[in-house]
Amino acid sequence: MTEAPASARSATVLVASTRASAGVYADETGPVIRAWLAERGFAVGDPVVVADAGIAEALATALAGAPDLLLTTGGTGLSPDDRTPEATAALLDREIPGLMEELRRRGLVATPMALLTRGVAGVAGRTVVMNLPGSRGGVRDGLAVLDPILDHLLAQLSGRGDHR
């Protein structure tokens, strides 16, 4: 069976950052994720930047659009308002723990702080969802984890993948 052409795939990028949403500074991680997705043929709009308190509503809204892939950045640490993992987990049908295990393993090579990310990954309906940390390094590591498996993951989820 063949996999769907990349042009048929859609993605959404959500940025959980209270300060970026308030204009205190410009988010630098969402555009990196968007560019990475566009290079791989995904139809993807501009990143949606929301305050940490608004992440649950933003996730639900994004999932209502049924993208093939939903990547978040930020809100995965231990600050009092970091709630992205909890909001995401509440919407998942199945988790894919290996993605986050590998993200933490790769990040640990550069910094012990990688162990503090609490992000989750999984499937909500037909959408793959993955929480990336809010740092450029964490985003880079997360995208590197997805890169070699993303096509197969999406094909498998759609019922078109094989197990070779």
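The following legends describe close-up views of a predicted model.

**View 1. The largest nonpolar core and the contacts of Leu71.** The largest nonpolar core holds 25 residues, and Ile33, Leu37, Leu69, Leu71 and Met130 touch the most other members. Two or more residues of this core come from each of strand 1, helix 2 (29-39), strand 4 (69-73), helix 5, strand 6, strand 7 (127-132), helix 6 (136-146) and helix 7. When neighbours within four places in sequence are left aside, Leu71 is in contact with Thr12, Val13, Leu14, Ile33, Leu37, Met130, Leu143 and Leu146.

**View 2. A second, separate nonpolar core.** This core comprises 14 residues, among them Leu14, Val50, Ile55 and Leu59. Leu14 is also a contact of Leu71, and Leu71 belongs to the largest core.

**View 3. The salt bridge between Asp151 and Arg9.** The side chains of Asp151 and Arg9 meet with an N to O distance of 2.5 Å. The pair links distant parts of the chain, 142 residues apart: Asp151 lies in helix 7 (residues 150-157), whereas Arg9 lies in the segment before strand 1 (10-16). Asp151 is partly exposed, at 41% relative accessibility. Arg9 counts as buried because its relative accessibility is 8%, under the 20% limit.

**View 4. A network of salt bridges formed by Glu39, Arg40 and Asp147.** These three residues are linked through salt bridges. In the pair of Glu39 and Arg40, the closest N and O atoms are 3.4 Å apart. Glu39 is exposed, with a relative accessibility of 64%, while Arg40 is partly exposed at 24%. Eight salt bridges are counted in the model.

**View 5. The salt bridge between Arg106 and Glu102 in helix 5.** The closest N and O atoms of Arg106 and Glu102 are 2.8 Å apart. Because the two residues are four positions apart in helix 5, about one helical turn separates them. Arg106 is partly exposed, with a relative accessible area of 31%. In general, side chains of opposite charge can pair when their charged atoms come close.

**View 6. Surroundings of Gly107 and Leu108 in helix 5.** Gly107 is buried, with a relative accessible area of 4%, whereas Leu108 is partly exposed at 40%. Not counting neighbours within four places in sequence, Gly107 is in contact with Ala114 and Asp141. On the same basis of residues up to four places away being set aside, Leu108 touches Ala114 and Leu115. Ala114 is thus a contact of Gly107 and of Leu108. The C-alpha atoms of Gly107 and Thr117 are separated by 9.8 Å, the two residues being ten apart along the chain. Between Leu108 and Val50, 58 residues apart in sequence, the C-alpha to C-alpha distance is 28 Å; Val50 is one of the residues of the second core.

**View 7. A nonpolar patch on the surface formed by Leu78, Met113 and Leu116.** Together, Leu78, Met113 and Leu116 have about 340 Å² of accessible area. Met113 is located in the loop between helix 5 (97-110) and strand 6 (121-124). Met113 counts as exposed because its relative accessible area is 55%, over the 50% limit.

Key: Residues are numbered from 1 along each chain as its sequence is written. This is a predicted model: local features need pLDDT of at least 70, side-chain atom pairs count only at pLDDT 80 or more; totals for chains, interfaces and linings use all residues. Side-chain values use heavy atoms; hydrogens and water are left out. Patches are made of residues with over 30% relative accessible area and no salt bridge: like charges are joined within 9 Å, nonpolar side chains (Val, Leu, Ile, Met, Phe, Trp, Tyr) within 5 Å. Accessible areas come from the Shrake-Rupley method with a 1.4 Å probe; for residues, only the protein chains shown count as cover. A salt bridge is a side-chain nitrogen of Lys or Arg within 4 Å of a carboxyl oxygen of Asp or Glu. Buried means under 20% relative accessible area, exposed over 50%, partly exposed in between (1.4 Å probe, protein chains only). A nonpolar core is a set of buried Ala, Val, Leu, Ile, Met, Phe, Trp, Tyr and Cys residues joined through side-chain atoms within 4.5 Å. Contact means heavy atoms within 4.5 Å.
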